[in-house]
Structures are given as structure tokens and as C-alpha cells.
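Reader: I am new to this structure and would like to learn how to read its features one at a time. Could you take me through them slowly?

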Amino acid sequence: MRYKLQTWEYDIFSNEEAECHLEEMAAKGWALFKITQEWMPIACYRREAAAAGRRYAVTAVPDNAEDFFRMCEDAGWKKIVHLGNWQCVLAADDPKTGPLFSDRDSQYSHELEMIQDSGNLPLSGEIIGLIVLILLFLFMDLSILDPRPCVILTACIPLLLFKIAADAIELLFLRRAARLARSGIDIKKPVWLRRSVTGLNKGTTVIVLAMIAFELFWFVFLQPSLTGSLAVLAILPLFLAGFYLRVIKGWKALGVIMMFLGAFLFYAGISLIG
């Protein structure tokens, strides 16, 4: 197998966990070459002989940081992917290349500055979403809704709680580490904390995948229209084939057409079911 896909479970609050994961994958011969964000973040890896000794640095960088990327490239760090949430993945193949940041103080200060400049959006958005969901459950008569939206709304609550907990833990550690680094004290993230955050992030991914599976199960197996069910079921191979052609093979136009065809069949199937 030449390619491998994984859900990307890291945001700008969990850059250190992302670095550890990428270097573990590199030690197994898998090199990251792309992270897609259309439906959910998917990390794309391919087999490379030179991946074994590759080091990664993951940091937060704004979209217009061309000077920063030039300095990184001059220092031996090549940009691999830059995501919409300001998270940037860089890689270095030369073992003589120094770390991306000269010391922990500058690293933590940079991370906190970027999180502040980005409006702390991941954590703020999650808290707002959780408040809205709680208000819906408190003041809306859910008995008037079909079971499907009730299940989805209910699943969103643990999803947001897991994500808020993971990001809050990371942010608290980052602030404490930055404060100690200014005093010349370098602390490393404890293994238990890193595993806890990774577990919470994996929990959010499991909930999202379960929600998608529930949606498909609902429209395919719990509805009376066989034609509509088959149309909805057809979106899986079409979406996967379109994703493979667009991301892995680089045939963007054909891949997009197949993914849109999958979306059309999904809505057509829902209409037939209804």
C-alpha cells in the first residue's frame, strides 16, 4: 500500500502532539504530503524511503506570513501544508538542521501570540456552540422533532465537551510553560497530559464518524423507498473515488465532479425517500 489516510485530530492547541504523531509515522516510512479540510480534516501520507529520518515542526502562522516561511526555508524547514486555522506543518530532512525556535521561551511566546491574534477561535466557537445547544434543550420542545435531529443534537454535546476540555488543557499548559520559560525554567509536557489530550481528540473523531454512520443508516435502512436508499448508499464509493482522484492522483476536475455527483445522489435519494 503506497498511500494512507488518517483523520487529523490536532488543532493549534495541540501542535506538540501533532509533531510526535508525524514523527512516529515518519519512523514507519510514512511522509505527510497533504491535509484536506473539505468535509473533515484528513491527513494524507505516502511511502517514502527518506521519511524515516524526517523531523516535523507544527506551529501557528497567519495566512500572509511569507517572510516567516522564507526564513524557515533558509533555516532548512520546508512548508508541507498550511491549514485554514493557521496551523502550519513544516519538515526538515537534514539532521544538522536546528530546531525551528531557538528556545522554549520564543516558541511558547509565538504560540500564545498566534492564538491571541487568531481570536482564540477554536475554543471560543466550541463554547458558543455548547451554550446554543444547551439553550435548545432547555427552551425547545424536542418532541416535535423527528428522532434523527434529536440524536444528532445530543451527540454534539459530548463532542463539544471533549473538544473544549482538550483545548482548555492545552491552553493552560501553554500559558504556564511560557511563564516558566521566561524565568529560565524549561518544562516538558507530561506523558499523561499528552495522552489525555490525544484521547479527548480521538473521542471527538469517533463521535463525528458515529454521527455520519447514523445518518447513512437512517437514510438507507430505516426508510421505505428502495430507490432512494440505493441512491444515498451510492454516495460512499463516489465520494471515496472522488477524494482519491482529487487528492492522491491530482486529477482535481474529475475528482470534484465525482464528489458533486455523490452529493446530487444524496439529495436525490432523500427526495425519493421523503
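Reader: In which helix is Glu19 found?

Author: Please keep in mind that this is a predicted model. Glu19 belongs to helix α1, which covers residues 15–27.

Reader: How should I read a charged residue such as Glu19, and how far away is the nearest side chain of opposite charge?

Author: A useful habit is to ask about burial and about partners together. Glu19 is buried and yet has no salt bridge, the nearest side chain of opposite charge being that of Arg104, 6.8 Å away; a salt bridge would need a side-chain nitrogen of Lys or Arg within 4 Å of a carboxyl oxygen. Leaving aside residues up to four places away in sequence, Glu19 touches Tyr56, Ala57 and Val58.

Reader: What should I look for in a helix, and which residues of α3 are buried?

Author: An α-helix has 3.6 residues a turn, so residues three or four places apart point the same way. Helix α3, residues 104–117, has 14 residues and reaches 20 Å from its first C-alpha to its last, close to the 20 Å expected. Its buried residues are Gln107, Tyr108, His110, Glu111, Leu112, Met114 and Ile115, and they pack against α1, β4, α2 and α5. At the N-terminal end, α3 is capped by Asp103, with a side-chain oxygen 3.1 Å from the backbone nitrogen of Asp105.

Reader: How many salt bridges does the structure hold, and how do I read one of them?

Author: The structure holds twelve salt bridges, and for each it helps to ask where the two partners sit along the chain. Lys163 pairs with Asp11, their closest N and O atoms being 3.0 Å apart. Because Lys163 lies in helix α5 and Asp11 in the loop between β1 and α1, this pair ties together parts that are 152 residues apart in sequence. Lys163 is buried, at a relative accessible area of 16%, and Asp11 is buried as well, at 7%.

Reader: Which parts of the chain do Arg54 and Asp93 tie together?

Author: The side chains of Arg54 and Asp93 meet in a salt bridge of 2.6 Å, N to O. Arg54 lies in the loop between β3 and β4 and Asp93 in the loop between β6 and α3, so the pair joins parts 39 residues apart in sequence. Arg54 is buried, at 11%, whereas Asp93 counts as partly exposed, at 46% relative accessibility.

Reader: Which residues are linked in a network of salt bridges?

Author: The network links Glu16, Glu17, Glu170, Lys189 and Arg194.

Terms used. Residues numbered from 1 in each chain as written. Predicted model: local features only at pLDDT ≥ 70, side-chain atom pairs only at ≥ 80, totals over all residues. Heavy atoms only, no water. Helix = DSSP H or I, 4+ residues; strand = E, 2+ residues; numbered from the N terminus. Buried < 20%, exposed > 50% of the residue type's maximum accessible area, 1.4 Å probe, protein only. Lys, Arg positive; Asp, Glu negative; His and termini not counted. Contact = heavy atoms within 4.5 Å. Expected span 1.5 Å × (residues − 1). Polar contact = N/O pair within 3.5 Å; in protein donor to acceptor, adjacent residues only side chain to side chain.
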